[in-house]
Amino acid sequence: MYYRAEQILSAYPKEFTGNMKGRGSLLCTDKEGIYLLKEYTGSVHRLELLEEVLCALKAQGFLAEELVRTSGGDLCYTDADGVSYFMRKTFSGRECDTRNAKEILCATGHMATLHVLLKDCHPTSAAGGLQLPDRSQSPASRRTKELKKVKNYVRAKKKKNEFESEFLRGYEHYMEQAQQVLELEEKQYIPEDAWQLCHGDYNQHNLLFTREGLAVTGFEKLRYDLCVTDLTNFMRKILEKHDWNSGLGMDMVMAYQARRALEPWEFARLYQKLLFPEKYWKIVNHYYNTRKTWISGRDIEKLTRLFAQERKREEFLSMLFYLIK
């Protein structure tokens, strides 16, 4: 991508004064601001929907990126090799500091504001391709089956390595949590109108503190989902970094609640999603889908750290449970 930058950038009606490598992207500048160029594998229709949503957010005063069209009016540029790219105008700022509780709570409340605005956003781009998620089988159900599959594989091995022994040591405990989540999901009713547009990738890397305020970036994974999915994913990332600090976790829930009131079923869903051993599954899934002849010491370290945090995680979950009683 970087060797073809000049050719690609010439397709846009901008006078770029410089560019540099970003995280899987190319950052460009002109007199009006900063732009981000990335490879794109989705449909043009999805970009049209994304543009419509971002424009609607901007009209409400929400700081979000803008998609940039080529000189020919296209949202996507395809080079001679058939590789597609899209550009968005972004912001100058710094990422949310995951060590700073004040910034974390600001970002959590900002998420609630975003969800309120997206609730009233009804794109007219009918061909956008955004569908309701498949609810015939929940992510927790699929991942529980995957954990059982790995367990059967490991148990069948005559000689087990250090990672496999550690995996089995925690298996019964985390599988008990996973089964509890599945039982709770079967009993829970979710209103049909609860599914709405959500960010899909709300994390510290997509949150920039700028002179104008907190800007949200990285809307490429925009999708119809439950708002608590965004909230759960953000909380899990933050709390893992803070050793599942119960005070911080409850403050995050309250910061969200102050901007957008959570329904009783949403509190229950939040508890279920955080109860599921997502990190355990992620580590195990990485092991199972990579070469078994070489075991990453990093994966073993992640399991060890996960086990060390479990008591604090359970303490937070117990506090959260009282909110749904």
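# A tour from the β2-β3 hairpin to the largest pocket

Start with the hairpin that joins β2 to β3 through 2 residues. The model on screen is predicted.

**Stop 1: the strands around β3.** Select residues 25-30 for strand β2 and residues 33-39 for strand β3; the two pair in the antiparallel sense over 5 bridges. To find the register, pick C28, whose bridge partner in β3 is Y35. Now add residues 84-90, which are strand β6. β3 and β6 also pair in the antiparallel sense, over 6 bridges. Here the residues to pick are L36 and its bridge partner in β6, R88.

**Stop 2: the second largest pocket.** Keep L36 and R88 selected and add R23, H205 and N206: these five lie nearest the centre of the second largest pocket, which is lined by 28 residues. Which elements give two or more residues to the lining? They are β1 (18-22), β2, β3 and β6, so the strands of the previous stop can stay on display. The volume of the second largest pocket is about 590 Å³. Its lining divides into 13 polar, 8 charged and 7 nonpolar residues.

**Stop 3: an open sheet.** Next, show β7, β9 and β10. These 3 strands form an open sheet in the order β7-β9-β10, with antiparallel pairing. The edge strands, β7 (94-95) and β10 (214-216), each pair on one side only. Between β7 and strand β9 (residues 207-209) there are 2 bridges, and the two strands run antiparallel. Pick E95 in the viewer; its bridge partner in β9 is L208.

**Stop 4: the nonpolar cores.** In soluble globular proteins, nonpolar side chains tend to be buried together. The largest nonpolar core of this model has 80 residues, and F167, F219, M235 and Y280 are the members that touch the most others in the core. Helix α5 (residues 162-187) gives the most to this core, with 9 residues. Centre the view on M235. Beyond its neighbours within four places in sequence, which residues are in contact with M235? They are G249, M252, V253, L270, L274 and F316. Another core, of 14 residues, lies apart from the largest one; among its members are A5, Y35, V68 and M87. Y35 is also the bridge partner of C28 from the opening stop.

**Stop 5: the largest pocket.** Move to the largest pocket, with a volume of about 1400 Å³. It is lined by 48 residues, and those to select at its centre are P139, R143, N233, R236 and E278, the closest to that point. For the surroundings, display α4 (139-156), α5, β11 (223-225), α6 (227-241), α8 (264-275), α9 (278-288) and α10 (297-322), each of which supplies at least two residues of the lining. α6 gives the most, with 8 residues. Colour the lining by class and it shows 24 charged, 13 polar and 11 nonpolar residues.

**Stop 6: E278.** End on E278, in helix α9. Is E278 buried or exposed? Its relative accessibility is 13%, and because buried means under 20%, E278 counts as buried. Leaving out residues up to four places away in sequence, E278 touches R143 and R236. Those two arginines are, with E278, among the residues closest to the centre of the largest pocket.

Key: Residues numbered from 1 in each chain as written. Predicted model: local features only at pLDDT ≥ 70, side-chain atom pairs only at ≥ 80, totals over all residues. Heavy atoms only, no water. Core = buried A, V, L, I, M, F, W, Y, C linked by side-chain atoms within 4.5 Å. Buried < 20%, exposed > 50% of the residue type's maximum accessible area, 1.4 Å probe, protein only. Helix = DSSP H or I, 4+ residues; strand = E, 2+ residues; numbered from the N terminus. Contact = heavy atoms within 4.5 Å. Pairing = 2+ DSSP bridges. 1 Å grid on protein atoms, 1.4 Å probe; cavity = no way out; pocket = protein on both sides within 12 Å on 5 of 7 lines; lining within 4 Å. Points joined across faces, edges and corners; volume = space filled by probe spheres on them. Nonpolar A, V, L, I, M, F, W, Y, C, P; charged D, E, K, R; others polar.
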